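Colleague: Please pick one part of this model and take me through it closely, with your cut-offs spelled out as you go. I would like to see how the polar contacts and the aromatic packing fit together there.

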Amino acid sequence: MTMTEERNEAAIKVPALAIDMKLEIVVIPVSDVDRAKAFYTSLGWRLDADFTSGDGWRVIQFTPPGSPASVIFGKNVTAAAPGSAQGLYLIVSDIEAARADLIGRGVEVSDVFHGAGDTHGGTDEPYLFGRLRLGGPDPGHGSYQSFASFKDPDGNGWLMQEITARLPGRIEGDTTFTSAADLASALRRAAAAHGEHEKRSGGQHDANWPDWYAEYMVREQAGKPPLS
């Protein structure tokens, strides 16, 4: 084996470093750009860009509150048929509050619904848990289990999914909260859990409650077993 072959063989055996690949943009197809812009503005989403050129090209970017990813639509930015984007998920910490906010903005939103456990077949519009939608939030108020849906003027389909605690392995690095509302919801859940903790401790005030809160919230976000 030559020196070059030895170097090549050694290079193949060296594991490649992990490269971050962060989802940045989802392109949604629309037929009327100005109508779509007015709709997404009405949602309270942040307008990041509206660029045009003389050859009929236009691109508009919006970002939902607290989201690290954005959506783009416009003219000559996708060959997909208007309204063909379906199953676009928006994660919220309080499904009822999120639904009420959209209704207050004049958006037509479905009732809150949940799945039927291990039964996924049905005649309803498909979503993450199949084609069977049961009315109302998840009876156990489980994280990932409650939904509501709405469409933009072209029929692109959005679903809001309530997540209050992440599954194990879903959080990397430090715990983060992307909005004041998410942080407030996490604090309320921690407060309720801490109240039960104090009851089990004989009803005594816990002077170290900030440390307890911090550990509880970090474990919840990381999908680890909760503190007792």
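Modeller: A residue is buried under 20% relative accessible area, exposed over 50% and partly exposed in between, with a 1.4 Å probe and protein chains only. This is a predicted model, where local features need pLDDT of at least 70 and side-chain atom pairs pLDDT 80 or more, while totals for chains, interfaces and linings use all residues. Numbering runs from 1 along each chain as its sequence is written, and side-chain values use heavy atoms, without hydrogens or water.

Let's look at strand β8 and what surrounds it. S146 lies in this strand (strands are DSSP runs of E, at least two residues; helices are H or I, at least four; numbering starts at the N terminus). With a relative accessibility of 0%, S146 is buried. Its contacts (heavy atoms within 4.5 Å), leaving out residues up to four places away in sequence, are I95, V112, F113, P137, D138, M160, Q161 and E162. D138 is also a polar partner: the side chain of S146 comes to 2.9 Å from the backbone nitrogen of D138. Such a polar contact is an N or O pair within 3.5 Å; within protein, one atom must be able to donate a hydrogen and the other to accept it, and sequence-adjacent residues count only through two side-chain atoms.

K151 belongs to β8 too, which covers residues 146-151. K151 has a relative accessible area of 38%, so this lysine is partly exposed. Its side chain has polar contacts with two other side chains, that of E125 at 3.1 Å and that of Q86 at 3.4 Å. Beyond four places in sequence, K151 is in contact with F39, N156 and G157 as well as Q86 and E125. S110 is 41 residues from K151 along the chain, with 9.6 Å between the C-alpha atoms.

F39 brings us to the rings. Phe, Tyr and Trp rings (six-membered ring for Trp) pair when their centres lie within 6.5 Å; planes under 30 degrees apart are stacked, over 60 edge-to-face, otherwise tilted. The model has 14 aromatic pairs by this rule. F39 and Y40 are edge-to-face, because their planes meet at 85° with the centres 5.0 Å apart. Both of these residues are buried. F150 and W158, by contrast, are stacked, at 6.4 Å between centres and 10° between planes. F150 is buried at 3% relative accessibility, and W158 is buried at 4%. These four residues join W45, F62 and F73 in one aromatic cluster.

Several of these rings also matter for the nonpolar core (buried Ala, Val, Leu, Ile, Met, Phe, Trp, Tyr and Cys joined through side-chain atoms within 4.5 Å). The largest such core has 26 residues, and the members touching the most others are Y40, F73, F150, W158 and M160. Two or more residues each come from α2 (33-42), β3 (58-63), β4 (70-75), β5 (88-92), α3, β8 and β9 (157-162). Helix α2 gives the largest share, four residues. W158 touches I28, Y40, W45, V71, L88, L90, A148, S149 and F150, with residues up to four places away in sequence not counted. A separate core of seven residues includes A193, Y213, Y216 and M217.

Finally, F39 leads to R105, in the loop between α3 (95-104) and β6 (113-114). R105 and F39 are 66 residues apart in sequence, yet 9.9 Å apart from C-alpha to C-alpha. Beyond four places in sequence, R105 is in contact with S42, L43 and G44.
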